[in-house]
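Work through the following exercises with the sequence and the structure open beside you, and try each task before reading its solution.

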Amino acid sequence: MRLNPFNGARRTKRADAVVTGAGSGIGRAFAVELGRRGGRVVCADIDAVGARETVDLVAAIGGKGFDIVCDVRDADQVVALADTAEEWFGKVPDIVINNAGIGRGGRHIGDAALPEWRAVLDVNLWGVVHGCHVFAPRLRAAGRGAIVNTASAAAFAAGPRMAAYNVSKAGVLALSETLAAELSGTGVTVTTLCPTSVKTNILQDVSFPDESTARIGHTVQRWTGRSPDAIARTTLDAVDRGALYVVPQIEAKVIWQSKRLLPGTYTRAAGLLERLAR
């Protein structure tokens, strides 16, 4: 019998968890860290090979994993994911991590094609909406658990040439705050991850306007980006504390405070940087 009361410290220890976007990057790091903590992890991804590789990594450090193909843009597939997870665990998951996401950017509003907007919102926002819509009632009925939604500092930074991405992540932040209020007192917590640069493959999907901007983007990631493993550990420790916000990097905290204290000044400064970059 697995013992995981999930009502005190170290809730992420020996937890039964579902992770979307588990085939690479932060999602893979979440799955591996949960396995390291003795958990069982359903590793969901649109990439079957990546999901399988993550399961192997989870097993290698002593956890147990189950891989499943899931396109989070499809609500029916997310329902199937929840049903499969419950069957494998024998109960409702302890933790659900809505992490699947894609990166887009490099063009101004009006230049970025509308299909690009839809692609970003379908995965980054609707994927999380589907995850919360399907799993939140199940965890609420069980009277315990945690939902983790991967947003970004882009949710509040509103950097130029990243409109679709910014909007998708701002939506995730608003959704998470709303869900946290609705689940107050139910035994279910919500945690929102808002990092800046993380050393993943997300930049390969960004269309930079020129070679120099691309070099800047990759240089920033290389020199200031934190590892996915560090982000996963920090976030899961925050879940243990029941924290709503995880803003793991100094620059993210500075942006967070600046935007709240001096919103007009912050936006003018962002506009100045955009003009200098032209």
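**Exercise 1.** In this predicted model, decide whether Asp94 is buried or exposed, and then find its salt-bridge partner.

*Solution.* Begin with the relative accessibility of Asp94, which is 1%. Buried means under 20%, so Asp94 counts as buried. Next, look for a side-chain nitrogen of Lys or Arg within 4 Å of a carboxyl oxygen of the aspartate; Lys91 meets this condition, the closest N and O atoms being 3.1 Å apart. Finally, consider the partner itself: Lys91 has a relative accessibility of 29% and therefore counts as partly exposed.

**Exercise 2.** Determine where in the chain the salt bridge between Asp56 and Arg52 lies.

*Solution.* First confirm the contact, in which the side chains of Asp56 and Arg52 come to 3.2 Å, N to O. Then locate the two residues: both belong to helix α2 (residues 48-60), where they are four residues apart, about one turn of the helix. As a last step, note that Asp56, at 43% relative accessibility, is partly exposed, and that Arg52, at 39%, is partly exposed as well.

**Exercise 3.** Which parts of the chain does the salt bridge between Asp240 and Arg10 link?

*Solution.* Start with the distance, which is 3.5 Å between the closest N and O atoms of Asp240 and Arg10. This pair links distant parts of the chain, since Asp240 sits in helix α8 (residues 228-241) and Arg10 in the segment before β1 (16-20), 230 residues apart. Asp240 is buried at 13% relative accessible area, whereas Arg10 is partly exposed at 41%. To finish, widen the view: Arg10 and Asp240 belong to a network of salt bridges that also includes Glu33, Arg36, Arg37 and Asp237.

Note on methods. Residues numbered from 1 in each chain as written. Predicted model: local features only at pLDDT ≥ 70, side-chain atom pairs only at ≥ 80, totals over all residues. Heavy atoms only, no water. Buried < 20%, exposed > 50% of the residue type's maximum accessible area, 1.4 Å probe, protein only.
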